[in-house]
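Work through the exercises below with the sequence and the model in view. Each task is followed by a worked solution.

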Amino acid sequence: MGKQKVYDTAKKAERVALVGVIKPGESPAQTREYLEELAFLVETAGGIVEQIFTQKMLKPDRATFVGTGKLEEIQTYVKAEEIDIVVFDDELSPSQLRNIERELQVKILDRSNLILDIFARRAQTAQAKTQVELAQLQYLLPRLTRLWTHLERQKGGIGMRGPGETQIESDRRMILEKISLLKERLKLIDRQNETQRKNRGQLIRVALVGYTNVGKSTIMNMLAKSEVFAENKLFATLDTTVRKVVIENLPFLLSDTVGFIRKLPHHLVECFKSTLDEVREADILIHVVDISHPNFEDQIHTVNETLKDLGAIDKEIIMVFNKIDAYQVIDDMAAVDLDNQMETEDEPAASAPMTLAAFEKSWMARDNSPAMFISATQKKNVEELRELLYEKVKNLHITRYPYDKLLY
Ligand SMILES: Nc1nc2c(ncn2[C@@H]2O[C@H](COP(=O)(O)OP(=O)(O)OP(=O)(O)O)[C@@H](O)[C@H]2O)c(=O)[nH]1
Ligand SMILES: [Mg+2]
């Protein structure tokens, strides 16, 4: 880990261009947020975003993702500005990848392998490392041909068949063997973790869930007085941490886990299912939201969809709106920077800005799951959160263990 960091910073940061397709019905503000998030992912991976290309399309082009005219425009820019990597906001099919690479002649990444790359850097435990490696190999498998045709072309275009094909076959076999080996290894780790979880006894289990970078680990540290790694980057947390928390004299278990993001690669969700067992088996979920983020309602939606996917949406959920200290009435000047780089047209009027108090009111009226508005870093309304947790955990404990008078 340490070594890797030294190597990364010593190397010149790679220059990156982003490409996104604007779908019908998507507002320019949404598109801007989506691409800002992609830019944040690139920064987290150590790159510098130099330019953003967008194109309005019904759906991405099957062969080249964007239209050929746009691709030429990107090609001209990439050459002139010595861009190292072009990152696409959606997962590219193997043939799209091949076609685009042939045109642009630089490293092409899509959203999926960018996320995989960040996960690979962040993974600490054997479990996370194995999960990421498995996801990477599964991503690679259908794209193997591309690597080899590329190589063949460099050697002088001998054609697609012949020795290249044999090589692909043996590579495929090797990768398949590795995949089944990793799956076995994961099963073993899962069994060990399961035993560990069973040994934890009767304590009520609470899990922090939410979009990436919303403050889950910061809240964990605050409630559990622990020191889980938190920072302003995406996916600071990959491994689940569980701590025993005692409020008044009531103990329960609190877990902090990997954050969600839109368009999380499918393989990755599959591979991380066991890390997310903690969420599936929790009694209460604390859904943390970064209310200072312009797109936080979209993020709530993504988290709810992921929870549905995991079969965890029907649990008791406490909504915690964090970062109220940074909340500001959103005005359109906020993201001028990105606007200048993007060619979006006639922006419709933004929806009426809302004060925090108005938002609190409207949220409480609309949804009857309990909600808290806090600032973890400024310690605002933290006591109220503790009290609410105490009540919820106590109630659950009483219903579950009616004869247990030991605790309170
Ligand atoms: N302004 C403000 N910043 C906060 C607050 N809580 C957390 N942060 C910051 O938000 C960033 C992300 O915090 P984390 O706790 O790492 O977030 P996370 O949800 O665990 O993120 P991942 O593990 O990456 O999914 C850090 O820079 C925190 O200091 C808050 O109440 N107000
Ligand atoms: Mg975290």
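**Exercise 1.** Over how many bridges do strand S1 and S2 pair, and in which sense?

The model is predicted: local features need pLDDT of at least 70 and side-chain atom pairs pLDDT 80 or more, while totals for chains, interfaces and linings use all residues. Residues are numbered from 1 along each chain as its sequence is written, chains are lettered from A and ligands numbered from 1 in the order in which they are written, and side-chain values use heavy atoms, without hydrogens and water.

Step 1. Strands are DSSP runs of E with at least two residues, and helices are runs of H or I with at least four, numbered from the N terminus. Strand S1 covers residues 15-22.

Step 2. Two strands pair if DSSP finds at least two bridges between them. S1 and S2 have 8 bridges, in the parallel sense. One bridge partner is Val49 in S2, for Val16.

**Exercise 2.** Place these strands in their sheet.

Step 1. The open sheet has 4 strands, ordered S2-S1-S3-S4, with parallel pairing.

Step 2. Strand S2 (48-56) and strand S4 (107-110) are the edges, each pairing on one side only.

**Exercise 3.** Describe the surroundings of ligand 1.

Step 1. By class, the shell contains 7 nonpolar, 11 polar and 5 charged residues. Here Ala, Val, Leu, Ile, Met, Phe, Trp, Tyr, Cys and Pro are nonpolar, Asp, Glu, Lys and Arg charged, and the others, Gly among them, polar.

Step 2. Helix H9 (residues 216-224) gives the largest share of this shell, 3 residues.
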